[in-house]
Structures are given as C-alpha cells and as structure tokens.
Amino acid sequence: MSPGEMLDVAVEEAQKGLAEGGIPIGAALFSADGELLGRGRNRRVQQGDPSVHAETDAFRAAGRQRGYRDTIMVTTLSPCWYCSGLVRQFNIGALLIGEARTFSGGHEWLAEHGVAVTLLDDQRCVKMMQDFIAAKPDLWAEDIGE
Ligand SMILES: [Zn+2]
C-alpha cells in the first residue's frame with residue numbers, strides 16, 4: 001500500500017468526524033507491510049472526551065500489538081505533544097503526516113529521536129483544517145489548549 005493510500009484511510013476518518021460535528025482529524029495504524037491494524041478519529045465532541053485524539057483512537061482500535069517498531073502511524077495532521085508522546089512511548093517506528101501547515105506539533109522532535117517521519121503536505125488535509133478552523137475557531141482553540 002502506498003503512503004497516499006494509507007493517508008486516504010486517515011482522511012476518511014477525518015471526514016467522518018467532520019460529518020459527526022467533530023474535529024476533522026483522522027488517523028490509522030498500519031503494519032510495515034501495509035496491513036491496517038486500527039483506525040480512528042478525534043472524538044472530543046462526539047464522546048465528550050478530550051483524550052480521544054485521532055492517533056490515540058487508532059492506537060486503541062489496534063488492540064495489543066507485540067511491538068510497534070515496525071508499525072506506521074498515519075495522521076492527517078502533525079501530532080500534538082500528547083500523540084507525539086504516544087509514538088515515542090511505544091516506539092512506533094514511522095510516522096506519516098498529511099500536513100503541518102495549520103498546526104505543527106511534535107513531528108520534528110520525533111524525527112530527532114529516530115522516528116522515520118514523512119510529511120506529504122496533502123492539500124485535502126490542509127483545506128479540511130483551514131475550513132474547520134475558520135468555521136469553529138473556539139472549538140479548535142479548545143482542542144489545542146489555547
Ligand atoms: Zn493529539
């Protein structure tokens with residue numbers, strides 16, 4: 001599976017979240033050979049739970065894995081510090097990001113610590129976040145703790 005196809009899964013999740021009235025950030029965890037292990041989306045609004053970020057939702061959906069070194073975390077947006085901490089804590093080997101224009105979290109820090117980071121600069125992801133931030137600035141400020 002190509003990086004673009006993996007990102008498509010995360011984008012689908014983000015679109016689902018947007019349709020639910022939530023924050024449009026999606027993620028998926030893949031094995032190195034492209035098997036989908038888990039997928040998820042930010043559900044702060046839907047579940048009233050600020051700890052359900054896209055990456056943590058996908059991570060939990062994947063259940064117990066023997067190791068994470070050979071897994072790839074795919075996310076539509078540069079991961080916040082909380083999710084960057086998750087990647088580091090579990091030694092997830094690779095991170096594939098849709099975009100880091102609307103928000104830049106911890107991906108450079110992760111790269112410094114040996115995570116293979118790929119930034120696709122996907123225009124769908126940029127537009128989705130720009131439109132969302134313009135429409136719901138208060139909700140976005142809440143999500144990033146500002
Ligand atoms: Zn996060």
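User: What is the order of the strands in the open sheet, and which kind of pairing does the sheet have?

Analyst: This is a predicted model, and in it the five strands line up as β2-β1-β3-β4-β5, with mixed pairing. From one strand to the next, the twist averages 15 degrees.

User: What makes β2 and β5 the edges?

Analyst: Each has a single partner strand, so β2 (36-41) and β5 (116-119) are both left with one side that has no neighbour in the sheet.

User: How do you know that β1 and β2 pair?

Analyst: Pairing takes at least two bridges between the strands. Strand β1 (residues 26-31) and β2 have five bridges, in the antiparallel sense, so they count as paired by that cut-off. One of the residues involved is Leu29, whose bridge partner in β2 is Gly38.

User: Which strands does helix α1 lie across, and which does α3?

Analyst: Helix α1 (residues 3-19) crosses β1, β2, β3 (71-77), β4 (94-99) and β5, at about 145 degrees to β1. Helix α3 (residues 54-61) lies across β1, β2 and β3, and runs at about 145 degrees to β2.

User: How many helices and strands is that for the whole protein?

Analyst: Seven helices and five strands, arranged along the sequence as α-β-β-α-α-β-α-β-α-β-α-α.

User: Why is the protein called as compact as a globular protein of its length?

Analyst: Its radius of gyration is 14 Å, and the globule rule gives 15 Å for 146 residues; the two are close, so the description fits. As for burial, 40% of the 146 residues are buried, meaning 20 or more other C-beta atoms lie within 10 Å of their own.

How values were computed. Residues numbered from 1 in each chain as written. Predicted model: local features only at pLDDT ≥ 70, side-chain atom pairs only at ≥ 80, totals over all residues. Helix = DSSP H or I, 4+ residues; strand = E, 2+ residues; numbered from the N terminus. Axes fitted to C-alpha atoms, helices over the stretch in contact; angles between N-to-C directions. Contact = placed C-beta atoms within 7 Å. Rg over C-alpha atoms; globule rule 2.2 N^0.38 Å. Buried ≥ 20, exposed ≤ 12 C-beta atoms within 10 Å, placed from the backbone.
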